[in-house]
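Hi everyone, thanks for coming. Today I'd like to walk you through one protein chain, so please have a look at the picture with me.

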Amino acid sequence: MRASYMLPIVLASAPALAQPAPIAPPAPPPAAAGGGCNVNIVRAPDPVRQTIERWLANEHCTLGLQVRIIPTEGGLYILATDDHGRVRERIVPDAASAGVLIASWAADDGLGGAAPPPGVEAAPPAPMAPPAPMAPPPTVGYGPSYGGPNAAYGGPPPAWNGTFHPPGQYSGPSDELPPPPEVQHPTKLMSLAAGFGANSSGGLRLELELWNHSNWIIGASAGLTGSTMYVDDYSGSGSYYNANVTDFTFAVTLGRIARWGDWYLRGNAGLGVMMSSLTLDQYNYQTYNDTSGSGSEASAYIEAGAFLGHSIGSSKQWEIEAGPVFSYSKQDWYLTNSDMTMYRDAGNAMLMLGLRHGL
């Protein structure tokens, strides 16, 4: 009787022993509160600000931003600095596009700003440095009218001359190219001139500038002139003489040049040698005989010149100039057929016109 009474008690208690204790469900992760974005709109038109705030109200933000929005031709110019010091800039066509873009920047789109997993405490964000003063945005030269893949955001025009700036040092893009460097005059030139003179039938002159320092010039010159001399010695030797002389000159020159824009004035002086070749025809009034002879002579030579000139063309490699050249050399010619000496004071003044080109 006792055994049958205890059995139901044991059987009734068995299910209670086999049933496990209930487990408490895990706590759900905290949901992001709507409108919790740390976006500081420093500057923006009121309608644009309201549109952006509506977009940010439903966004899960992971980055803090400081945003400036300025209307410009072709849309809205946006400059944003995040709490990592990165600078973003864009031009969008309207306020709705600005709201989408800023919301995507605040969410960071998986660029390292996502929320940490549950149970891991996020590190506090670094304090944001105050942004540098911003230059005024461009008012021309941007917008979708330029076409291309960036037209929807008003990408930079083809001639954009932007310069990279580190974060916090933005100074705005620039559409203006720097002015081209000013074309300089050559420091050394070669000149070739032709002219006529008081004691010559004509001549050529070549100059080379070999060294130029502070507009002081050392160079070399070479010249070729022709002249004719006529002497009638009727009362003395009873003859007249006709001499044709060709002179070759070589000199080392020292000069200085002064420039005023494309005009210049230069002068030089030279010391060298003159080599002359002479052909002499003699007619004797008493014997009615004609005689002729030839010879050569070398003598010291000095010269001086002054020239006024002007550059030709935009390259400034060519110049035209004109001016006088004065020269002097003294020669003694001994005439063997008459046992006489002919003295020649070879002073000359020539007016030259020439061209110069940079070396």
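Let's begin with one residue: is L206 buried, partly exposed or exposed? Keep in mind that this is a predicted model. L206 has a relative accessible area of 35%, and buried means under 20% while exposed means over 50%, so L206 counts as partly exposed.

Where does L206 sit? This leucine is in strand 6. L206 also belongs to a nonpolar patch on the surface, alongside residues including W211, W216 and L254, and the patch has about 1100 Å² of accessible area together. Strands 5, 6, 7 and 8 each give two or more residues to the patch, and strand 6 provides the largest share, with four residues.

Now let's step back to the whole chain. There are three helices and 14 strands. Of the 359 residues, 33% are buried. The accessible surface comes to about 22000 Å², and 63% of that belongs to carbon and sulfur atoms.

Finally, let's visit helix 3, residues 95-107. With 13 residues at 1.5 Å a residue, helix 3 should span 18 Å, and its end C-alpha atoms are indeed 18 Å apart. Its buried residues include L101, I102 and W105. Among the elements covering the buried residues of helix 3 are helix 2 and strands 1, 2, 3 and 4.

Both ends have a detail to look for. D94 caps the N-terminal end of helix 3, with a side-chain oxygen 3.5 Å from the backbone nitrogen of A96. Just after helix 3, D108 takes a positive phi of about 70°.

Notes: Residues are numbered from 1 along each chain as its sequence is written. This is a predicted model: local features need pLDDT of at least 70, side-chain atom pairs count only at pLDDT 80 or more; totals for chains, interfaces and linings use all residues. Side-chain values use heavy atoms; hydrogens and water are left out. Patches are made of residues with over 30% relative accessible area and no salt bridge: like charges are joined within 9 Å, nonpolar side chains (Val, Leu, Ile, Met, Phe, Trp, Tyr) within 5 Å. Accessible areas come from the Shrake-Rupley method with a 1.4 Å probe; for residues, only the protein chains shown count as cover. A salt bridge is a side-chain nitrogen of Lys or Arg within 4 Å of a carboxyl oxygen of Asp or Glu. Buried means under 20% relative accessible area, exposed over 50%, partly exposed in between (1.4 Å probe, protein chains only). The expected span of a helix is 1.5 Å times one less than its number of residues. Contact means heavy atoms within 4.5 Å. A polar contact is a pair of N or O atoms within 3.5 Å; within protein, one must be able to donate a hydrogen and the other to accept it, and residues adjacent in sequence count only if both atoms are side-chain atoms.
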